[in-house]
Amino acid sequence: MDRRALARVPGGAPVLKAHSRFFEHLTLAGDLLLIALSWVSAYAVRFYLMPAQGLPPFRDYALQLLPILVVWGFSFWTFGLYRPNRLASHLSEWLDIAKASTLGVLVLVAIMTFTFRGYDYSRVVIALFWAQSIVLVSFSRAVFREALRFARRRGYNQRYAIVVGGGEPAAEVLRVLKRRPDVGIRVLGLLADKADTPGSDAPRLGGLDEVRSVLDRQPVDVVFIALPHGDYPRLSAVLNDIGDDPVAIHFVPDVFHLASLRGGVEEFETIPFIHLRESPLYGWNRVLKRALDLGLGTAALLVVAPVMGLVALALKLTAPGPVLYRQERMGVDGRRFQMLKFRTMRVDAERETGPVWARPDDPRRTRLGAFLRRRSLDELPQLWNVLRGEMSLVGPRPERPSFVEEFRRRVPGYMLRHKVKAGITGWAQVNGWRGNTSIDERIKCDLHYIEHWSLAFDLKILILTLWYGFRHRNAY
């Protein structure tokens, strides 16, 4: 069937595009109505609900309604708030609304300053208007989108898609769209040269060279191009087959085996950058984690200070040599620092052996040191490392540089654990992988922690550490 004939077919692409334009115009009208209500509401709140010496006539403020509607309509359109984007998140839309409203307020102030010089407008009204416009429009958009999602889950307002490709990229697209029926994208089928796409139950419509024929006979609105690396030379041919067909095209790069540590996509000066490796601790995340370290670290140090004093005194009385032991470890970004511990071994413990792991019944331990190591009390001085910013309360345990070089050669991806600060405790430790245990399993836990980092995850690890972390079979 020719696509020009789809206008006569219920649910055909041109009909759906007309519906999309209707929703765009409906949303624009609703936004402008809320913007006008926000301006009137700001005037009423300022002069009727707040103490004021004089009541300026409303007609002076009504003069601004036309400029406001023009400026906000243009600003919202500039920020792409009326593009049909089923895959966008609420947060990204709210941020765009805030940016557009802020731009609108700046333009409005300029108009008031240079065009309406004879009028005195309240800055409080402008501030209230700015805040209310963001809140009301964001809330109405959220309600509207949730209503659409409710309808889409029941089969209304659908778009029809095909997935071109195979392997993990195509399988991931199919899994996500199946998991999210609320976006209203129904997959008609898969175009792949092989019929072995893992986890796919979508019908196979043909091979990569049959894109044109499928578009001619199916009411397709969206094309997801999800080619594995080996098929990238055929991308130009696929795009040529699509030609100028009025379909939305989404390209899904095959980065599933390349990305590590919370990869993502960012646009800089119209250039999309794909981050294959990124630490989760940047911006506010970094500030929040540091605040948690300082707050809980200071509180913990105050609580355990008497215990540390008793341990220090006992060490001084029972064994010659210094109370604290400083050992070079490798932390975030491979930087070295001096980690503090209570000394639990003889002063010359590694003179003959060099750097080695502690072992059960290690003869190098002092009598008190064996007890401290079993209870992990020798780690308490590392709270100072946390307060100094060299370590965190939670993170991968730091290793000695000599061990790091060995593990780096043996274990793929070992150095990725150095994308965050080392910790006193970590996900590997509370799962039993501490001391002389499997490095591979420890790395899996460390990378899992980095991939899924959150403050709640940190608190969970701290609670588990307090629950059983001071009594561990591999602490010796």
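Phe58 counts as partly exposed, because its relative accessibility is 34%, a value that falls between the limits of 20% for buried and 50% for exposed. This residue belongs to a predicted model, and its ring is paired with that of Tyr43, a residue that counts as buried because its relative accessibility is 5%. The points below begin with this pair and the aromatic residues around it, then turn to a surface patch, to Asp458 and finally to the protein as a whole.

**Aromatic residues**

- The structure holds 16 aromatic pairs, and in one of them the ring centres of Tyr43 and Phe58 are 5.2 Å apart while the ring planes meet at 65 degrees, so this pair is described as edge-to-face; the cut-off that matters for this step is that planes over 60 degrees apart count as edge-to-face.
- Because Tyr43 is located in helix H1 (residues 13-49) whereas Phe58 is located in helix H2 (residues 58-62), the pair ties together parts that are 15 residues apart in sequence.
- Tyr43 and Phe58 are also members of one aromatic cluster, which includes Trp39, Phe47, Tyr48, Tyr61 and Trp72, and to which Phe116, Tyr119, Tyr121 and Phe129 belong as well.
- Elsewhere, a charged side chain meets an aromatic ring, for Arg154 lies over the face of Phe150 at 3.8 Å from the ring centre.

**A nonpolar patch on the surface**

- Tyr48, which is a member of the aromatic cluster, is placed in helix H1 and counts as exposed because its relative accessibility is 57%.
- Together with Leu49, Met50, Leu55 and Val124, Tyr48 makes a nonpolar surface patch of about 520 Å².

**A buried acidic residue**

- Is Asp458 buried or exposed? With a relative accessibility of 1%, Asp458 counts as buried, since the limit for that class is under 20%.
- Asp458 is part of helix H15 (residues 455-469), and, when residues up to four places away in sequence are left out, Asp458 touches Lys289, Leu292, Val394, Tyr449 and Trp453.

**The protein as a whole**

- The protein contains 15 helices and eleven strands, and of its 476 residues, 44% are buried.
- When contacts between residues at least 6 apart in sequence are considered, 70% of them join residues at least 24 apart.
- The accessible surface of the protein amounts to about 26,000 Å², and 62% of this surface belongs to carbon and sulfur atoms.

Definitions and conventions
Residues numbered from 1 in each chain as written. Predicted model: local features only at pLDDT ≥ 70, side-chain atom pairs only at ≥ 80, totals over all residues. Heavy atoms only, no water. Phe/Tyr/Trp six-rings, centres within 6.5 Å; stacked < 30°, edge-to-face > 60°. Helix = DSSP H or I, 4+ residues; strand = E, 2+ residues; numbered from the N terminus. Buried < 20%, exposed > 50% of the residue type's maximum accessible area, 1.4 Å probe, protein only. Lys NZ or Arg CZ within 6 Å of the ring centre and 35° of its normal. Contact = heavy atoms within 4.5 Å. Patch = residues over 30% accessible without salt bridge, like charges linked within 9 Å, V, L, I, M, F, W, Y side chains within 5 Å. Areas by Shrake-Rupley, 256 points an atom, 1.4 Å probe, with all protein chains shown as cover. Salt bridge = Lys/Arg side-chain N within 4 Å of Asp/Glu carboxyl O.
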